[in-house]
Amino acid sequence: MNKKKVLITTPIYYPSGNLHIGHAYTTTLTDFLSRFHKQQGSEVFFITGSDEHGQKIQEKADEANLHPLEYVTGIIKGFYKLWDALKVENDLFIRTTDPKHEKFVQEKFKILKEKGHIYKGKYEGNYCIPCEEMWTDGQIDNAGKLCPNCGRATEKQEEESYFLNFAPFQKYIKDALENKGILEPQHKAKELINNFIEDGLQDLSISRTSFTWGIPVPGDSKHVMYVWLDALLNYISAFEFDEAPFTADDIWRGEGEIIQLVGKEITRFHSIYWPIILEMLDYKNPKVYSHGWLLDENGEKMSKSKGNVVDPFEFIETYGRDALRWYLANGISFGGDGRISHELVKENINGVLVNKYSNLISRTMKMLNSYRDSIVPPKHNSEESTKLNNEILQLKDKYVLQVKKVDITNSTKTIIKMLDEINGYIDITEPWKSEGEKLDTTLNDLIHAILKVSILIAPLVVDGTKKVFQSLLGRDISTYEDFEKNLEGKKIEAIENLFMRIK
Ligand code: MSP
C-alpha cells in the first residue's frame, strides 16, 4: 500500500544571533507533529533550516569582521546544538547558502520572469533593518517612522527593484483565504484580508541593489534577491537534497499533506505571498498554521534590549527536555500568545507529568510487584474495565483527530483527561482492598492503559516514554499497532519516578 506523504516545515531561522525559546517553540511543536505522523505510518519529510542572506546578516558579519558565510556557519552550530538538546529529529536542515538552493531559486526567478510575473520598478519605503521589512508610509507611525513590528526606527529608502506583480491574484488569494482553508486559525485569515488585501494588495519587491549578500538575480548582476522569495522557496528546494523521501512534484503538485507552522509575525508572508508564488509556479497550496508568541511571565514580548529573553538551554538543563516539550504544547494555547517562566513550567510539570503520569506508573508497577510478582496477570470481564477501555479508545480517536488538525493544546488536554480516567480507575477498583480475578483485571488494565497513553504521548515526551516502552515492550519505540499489544504473562521491570517532583 502506498504510504501517505506528509511534508512538515518550520520557518527557516535567521542566523543573526542565538535562538531563543520562541524559535524552540515552533520547532518543538513541528517535531511533535512529524513524529506523530511517522508513528502513524506516513512517509514524512520534516525540514527546518536557516535563512542566511540579507542586509542584517551582512551587517552582523561586518561587525564580527567575518565573511557572511563564515559568520552564519558559526551561528548555525548553535542551532544544531539546540535541536539536538530538544531531540528534534528533522530529516533535513536546509541552508539558503547551499548551492543547490541558490541554483533552484535562480531557476524559479527565471521562470517567473518568463511567465510575465516579474517587472522592474522603483521601490520606496521605510526600511526596518532588524526585521528586513520595508513599510509603506501608510503602514508606519508617521511621526516617529517606527517599525510596526518591532517599534524600532526605520530608514527612508528608495531603489530600483524587481517586483512580483500581485494585482492579478488579488481575487485568487482572497478566495483561498476565505474558502479554501489555507490558514488556521480562520480569524487570522480574516485579519489578513482586512489589513492587506481589501484596500489593494501591494506587489512584493523581490530584489535589492543596496547590499550584496544575497543570491544574484539571473541576468542582472546589480541585483541580489530579497530574502523572502529566497527564503520561501526553501520549502521546495529541499527536494533537491538526497534526504527527501519523495519528490517536490509528488507533494507540491500531487497528493499528500503539507503542514507549515509559522509564528504570527510572518503569517502574512506565508499566507498571502507564498500561496500566490506557488500559484504562479503551478504548485498547490499548503496548509499554514499560525501560532502566537511566547511572552515572559509578565506578558511582555521577549527582546534583547529588555533583557527578558528566555534561553531554552536553561530550561532543558533544569527540567529536562521532556518537561519543556510538554510545557510548550500544553502550557501555551496554540494559536494565541502564551507565557513561559520557571514558576509556570514547574507548576505544569508537577501537576501533569509527575502527579498524573509518573505517579501512575510508579504506583501500578509497585502494586504489580507486590501483588503479582511483577508478572502481568490475565484479564476478566468487568463493568468498570469495559468502561475504562472504551473511554481510552474514544479519547484516543479524539486525540488523533486533534493532532491531525494541529489542535495541539487541546490534544494534550485529551491526554490529561485520559490520565484522569486511568487514575480514577485505581480509586474505583481499590486494588489494595481487592483480590483474585478482580485484582488481576485491574492490574492488567492499568499496565495496558500505561502502554496506550505512552504511545500517544511518545512524539512529545520522547525520553520518558522510551523507558516505558523498554520496560513493557523490551524495545524503546512504539507504533500504533502496539495499542493492541497483549502483555499478559510478561514480567515487567519496574520503573520508579519517571519524572521527579520539581521543588
Ligand atoms: N527567516 C524568517 C522566516 C523565513 S521562513 C521562509 C524569520 N526568521 S526568525 O529567525 O525571525 O524566526 C521567526 C520564527 O521564530 C517565527 O515564525 C516564530 O516561529 C519564531 N518566533 C520568534 N520569536 C517568537 C516568540 N517570542 N514566540 C514564538 N515564536 C516566535 O522570520
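1. Let me start at one residue near the end of the chain numbering: not counting residues up to four places away in sequence, I477 touches F469 and D482. I477 itself sits in the segment that follows helix 17 (462-473). Please keep in mind throughout that this is a predicted model.

2. Is I477 buried or exposed? I477 counts as exposed, because its relative accessibility is 55% and the cut-off for that class is over 50%. There is also a long-range relation to note here: the C-alpha atom of I477 is separated by 9.3 Å from that of Q39, although the two residues are 438 residues apart along the chain.

3. Now for the chain as a whole. The protein chain holds 17 helices and 15 strands. Its radius of gyration is 26 Å, close to the 23 Å that the globule rule gives for 503 residues, so the protein chain is as compact as a globular protein of that length. If you are setting up a box, you may like the extents too: along the principal axes, the C-alpha trace spans about 85 × 50 × 40 Å.

4. On burial and surface, 56% of the 503 residues in the protein chain are buried. The area that the protein chain exposes is about 21500 Å², and carbon and sulfur atoms supply 47% of it.

5. How are the contacts spread along the sequence? Taking contacts in the protein chain with a separation of 6 or more, 76% of them are between residues 24 or more positions apart.

6. Next, the ligand, which I expect will interest you. There are 21 residues around the ligand, and those that come nearest are I12, T26, D51, G263 and L294. Sorted by class, the shell around the ligand consists of eleven nonpolar, eight polar and two charged residues. Which elements each supply at least two residues of that shell? They are strand 1 (5-13), helix 1 (21-39) and helix 7 (227-232).

7. The polar contacts of the ligand deserve a look in your viewer. A ligand nitrogen atom lies 2.7 Å from an N or O atom in the side chain of D51. With I12, the partner is a polar backbone atom, 2.8 Å from a nitrogen atom of the ligand. Y14 also takes part through its backbone: one of its polar backbone atoms is 3.0 Å from an oxygen atom of the ligand. As for cover, the ligand on its own has 670 Å² of accessible area, and the protein covers 94% of that.

Terms used. Residues numbered from 1 in each chain as written. Predicted model: local features only at pLDDT ≥ 70, side-chain atom pairs only at ≥ 80, totals over all residues. Heavy atoms only, no water. Near = heavy atom within 4 Å. Polar contact = N/O pair within 3.5 Å; in protein donor to acceptor, adjacent residues only side chain to side chain. Areas by Shrake-Rupley, 256 points an atom, 1.4 Å probe, with all protein chains shown as cover. Helix = DSSP H or I, 4+ residues; strand = E, 2+ residues; numbered from the N terminus. Nonpolar A, V, L, I, M, F, W, Y, C, P; charged D, E, K, R; others polar. Rg over C-alpha atoms; globule rule 2.2 N^0.38 Å. Buried < 20%, exposed > 50% of the residue type's maximum accessible area, 1.4 Å probe, protein only. Contact = heavy atoms within 4.5 Å.
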